[in-house]
Structure formats: structure tokens, C-alpha cells
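Reader: I have some questions about how the terms are applied to this model. Please set each value against its definition.

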Amino acid sequence: MLTQLDELHTQSLAQLKQAETTAVLETWYKETLGRKGSIYLMTRQIGSLSAAERPLFGQRINKVKKELEAAYENRLAELKASELQAKMEASAIDVTLPGRKQRQGRLHIATQTLRQIYAIWADMGFQVYRSRDVETDEYNFELLNIPQHHPARDMWDTFHTTTPGVILRTHTSPGQIHAMREYYPEPIRVILPGMCYRYEQVTARSELQFHQVEGLAVGKNITMTDLKGTLTDFARRMFGAQRQVRFRANYFPFTEPSAEMDVECIICDGDGCNVCKYTGWVEILGCGMVHPNVLRNGGYDPAIYSGFAFGMGPERIAMLKYRIDDIRYFWGNDLRFLEQF
Ligand code: DAH
């Protein structure tokens with residue numbers, strides 16, 4: 001009986017080695033270790049042994065069973081691996097692998113708003129004119145009709161550099177002089193977007209850096225009606241065709257007359273809310289007819305030419321449109337904010 005068992009052991013192991021597929025292997029398992037398999041049948045024969053022989057035979061058959069089980073598991077793992085290998089070689093893509101997720105970037109909300117503004121002005125024939133962030137006192141103030149020691153300078157708290165007379169621009173208006181000096185005597189229709197810097201306490205409403213989009217039109221016979229019509233059209237395109245606007249007289253040294261334009265509050269539709277401070281209107285830009293001194297400083301004779309100009313804050317416009325209640329979010333670099341747009 002023991003020799004018979006040994007024979008069965010070696011024979012089964014040999015068969016196992018020959019099994020080339022998992023299907024063959026399963027049949028082997030059934031026939032060898034299964035409920036009616038050869039090992040089982042041999043176990044049944046234990047009754048024909050003498051009581052003295054039984055324990056030894058029992059031990060041996062258990063050992064053989066364990067070894068065969070282990071050999072089966074090994075062979076199964078081998079075959080599974082080689083079958084997977086063969087499958088992968090047969091087809092070029094392994095569709096069982098999870099895909100790699102593409103991280104999608106996006107434009108900053110300020111850039112998105114700027115591009116929307118560019119598109120509207122481009123439609124109306126205005127080109128983008130780039131101008132420098134670092135300016136001289138002369139361009140930022142004097143040529144814009146704001147002399148040294150003029151009280152109007154209080155409107156712009158300025159960052160000075162260590163070079164006397166060189167500052168960070170406090171508004172995009174100095175670009176008007178650069179554009180005029182470059183284009184003279186051609187008519188001008190440009191917008192001048194860019195970052196501005198002010199030495200101010202940072203609060204929910206004011207940052208020390210922010211964008212502005214300046215606009216300038218210079219030519220013959222340009223009047224206040226052109227300014228009103230053009231800016232009204234801009235507001236309708238930006239905020240919706242039904243949107244009302246109003247102009248309020250104001251003071252800027254580089255325009256005469258000067259005004260501020262309000263749009264009907266886009267949050268409450270003019271009914272009054274905390275964004276418009278219950279007036280129904282929100283201010284979005286300053287504007288006016290270019291001051292004769294400024295035209296002259298740009299090279300244009302105010303007796304022949306006239307023009308209008310305006311300056312708006314795209315972050316303020318985005319804050320209104322999306323109800324952002326704190327301007328510090330824009331440059332705070334918090335993804336929880338940025339990913340909302
Ligand atoms: N430069 C002004 C500011 O920073 C904004 C402004 C007002 C620009 C009127 C203009 C203008 O061109 O005509 O507050």
C-alpha cells in the first residue's frame with residue numbers, strides 16, 4: 001500500500017508538470033484531490049490495513065495530500081501568469097489597467113475676465129496696446145496733468161523705487177501718453193490692460209496689486225456722445241442687453257469733463273442689495289474727454305483733435321459678476337477659490 005501511495009504521488013506530480021493550461025489543471029485537481037479523486041480512494045482503503053499499519057499510512061497519506069495541494073497552488077500561479085502574459089502579448093493595449101487621469105489646468109479668473117473684455121473691445125475696433133509696469137513720475141503723473149505737489153496726487157498712493165523718479169505705475173493711464181507719442185498723427189483706438197500697484201492697506205476691497213483696462217480713442221470730431229454710446233455698448237455686451245447704465249459727473253485731472261459710469265446692480269437687478277449698498281447701481285469705471293493738456297503732451301493739437309478715455313478694474317467686474325466678496329482671493333493662490341472658475 002505504501003509503495004502504491006508513493007507511485008501515486010510521483011505520477012500525480014509528473015501529470016501536474018505536464019498540465020499546460022488552467023483547464024487541464026482543474027481536471028487534474030478533480031481527479032487527484034477531488035471528492036472522488038485518487039487520493040480519496042486510497043484513503044478509503046485504510047480499512048484493509050492492520051491496526052498497527054494504519055497510523056503510519058494515515059500520516060503518509062496526509063503528507064502526500066499536503067504536498068500535492070502545495071504543488072497544485074504553485075502550478076496554478078505559474079499558469080495564470082503565463083496565460084496573462086500571452087494575452088498581453090496578443091493585444092497591444094491592456095484594457096485591464098486603470099487609465100491615468102489627465103489633470104486639467106484652467107485660466108485664472110482675472111485672465112478669463114480680461115480676455116472677455118479684450119474680445120468685446122476687439123469687436124468694436126480697439127487694439128490691445130501693451131505698456132510698462134515700471135514708470136517715471138513724469139508719465140504716471142505730470143504728463144497726465146497732475147503736477148508735483150498737486151492735491152490730486154492723494155488719489156494714488158505710490159510705490160517708489162530706489163531710483164528717484166522711477167515708480168510702479170498706480171494706474172494704466174500713463175500708457176495713453178506712450179500710445180499717443182507712438183501713433184501721432186494717426187487716429188487711435190486702443191485698450192491698455194495691465195497690472196497696477198498702490199501702496200495701500202490690503203483689505204477686502206483694496207489690494208496692492210490689481211489689473212486695470214484703460215481705453216483711449218483719439219481723432220477728429222470725437223465727442224462725449226461717442227464716449228457714452230461706446231461705453232454703454234460695452235456694458236450691454238459685458239453684463240447683458242437689458243442692463244441700464246448711468247453717468248455721474250466726477251473729477252479726474254486727465255479728463256475734462258470727467259464722469260463715472262454705473263451699471264444697474266447685476267445681483268439685485270436694481271432693486272437694492274448689500275452689494276450695491278441699496279442704491280441699485282454699482283460703479284464700474286471712470287471716464288471722460290481727454291484733457292487738452294494731455295492731448296498736447298501726447299503730441300496731438302487739441303484745436304484739431306479730441307478724444308475720450310476710460311479706466312476699469314477687471315477684478316471688480318469679476319467680483320460683481322460672480323459675487324466674490326473679498327479681492328484678496330485673487331492673488332491668494334488658494335486652489336479652493338481658483339478651481340471654482
Ligand atoms: N486712472 C484712473 C484711476 O486709476 C481711472 C481712469 C479714470 C482712467 C478716468 C481714465 C479716465 O482713462 O478717463 O483711478
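**Terms and values**

Author: A starting point is P257, which sits in strand β7, residues 255-264. The model is predicted.

Reader: What makes the peptide bond from E256 to P257 cis?

Author: Its omega is near 0°. Most peptide bonds are trans. A second cis bond runs from Y184 to P185, with omega near 5°. P185 belongs to the loop between α7 (174-183) and β4 (188-197).

Reader: Why is the phi of K277 worth a remark?

Author: K277 is not a glycine, yet its phi is positive, at about 50°. Most residues other than glycine have a negative phi. K277 is part of the loop between β7 and β8.

Reader: Why is α2 called roughly antiparallel to α4?

Author: Two packed helices are described by the angle between their axes and the distance between the axes. For α2 (residues 22-33) and α4 (residues 54-90) the angle is about 170° and the axes are 10 Å apart. Angles over 145 degrees count as roughly antiparallel, and α2 and α4 are therefore given that term.

Reader: Which residues of α2 and α4 meet?

Author: On the α2 side they are T22, L25, E26, W28, Y29, T32 and L33. On the α4 side they are K65, L68, E69, Y72, R75, L76, L79, K80 and E83. By class, this contact has eight nonpolar, two polar and six charged residues.

Reader: Why are α1 and α4 called roughly parallel or antiparallel?

Author: The axes of α1 (residues 2-18) and α4 cross at roughly 0° and come within 11 Å. Angles under 35 degrees count as roughly parallel, so α1 and α4 are roughly parallel to each other. From α1 the contact takes L2, L5, D6, H9, S12, L13, L16 and K17. From α4 the residues include L56, F57, R60, I61 and V64. The contact of α1 with α4 divides into 11 nonpolar, two polar and five charged residues.

Reader: How do you know that H108 has a polar contact with F330?

Author: A polar atom of the H108 side chain and the backbone oxygen of F330 are 2.8 Å apart. The cut-off for a polar contact is 3.5 Å, and the pair is therefore counted. H108 is in the loop between α4 and α5 (109-123). Leaving aside residues up to four places away in sequence, H108 touches F330, W331 and L338.

Reader: What makes H171 a polar contact of the ligand?

Author: A polar side-chain atom of H171 is 2.9 Å from a ligand nitrogen atom. With the cut-off at 3.5 Å, the pair therefore qualifies. W156 has a polar side-chain atom 3.4 Å from an oxygen atom of the ligand, which is also within 3.5 Å. For A309 a backbone N or O atom lies 3.2 Å from an oxygen atom of the ligand.

Reader: How much of the accessible area of the ligand does the protein cover?

Author: The ligand has 350 Å² on its own, and the protein covers 92% of that. Two or more residues of the shell come from each of β5 (209-219), β8 (281-290) and β9 (306-312).

Reader: How many residues surround the ligand, and of what classes are they?

Author: The number is 16, and the closest are H171, S173, R198, Q212 and E214. The shell has six nonpolar, eight polar and two charged residues.

How values were computed: Residues are numbered from 1 along each chain as its sequence is written. This is a predicted model: local features need pLDDT of at least 70, side-chain atom pairs count only at pLDDT 80 or more; totals for chains, interfaces and linings use all residues. Side-chain values use heavy atoms; hydrogens and water are left out. A residue is near a molecule or strand if one of its heavy atoms lies within 4 Å of it. A polar contact is a pair of N or O atoms within 3.5 Å; within protein, one must be able to donate a hydrogen and the other to accept it, and residues adjacent in sequence count only if both atoms are side-chain atoms. Accessible areas come from the Shrake-Rupley method with a 1.4 Å probe; for residues, only the protein chains shown count as cover. Helices (H or I, at least four residues) and strands (E, at least two) are DSSP runs, numbered from the N terminus. Ala, Val, Leu, Ile, Met, Phe, Trp, Tyr, Cys and Pro count as nonpolar, Asp, Glu, Lys and Arg as charged, and the others, Gly among them, as polar. Axes are lines fitted to C-alpha atoms, for helices over the stretch in contact, and angles run from 0 to 180 degrees between N-to-C directions. Angles under 35 degrees count as roughly parallel, over 145 as roughly antiparallel, 65 to 115 as roughly perpendicular and the rest as oblique. Contact means heavy atoms within 4.5 Å.
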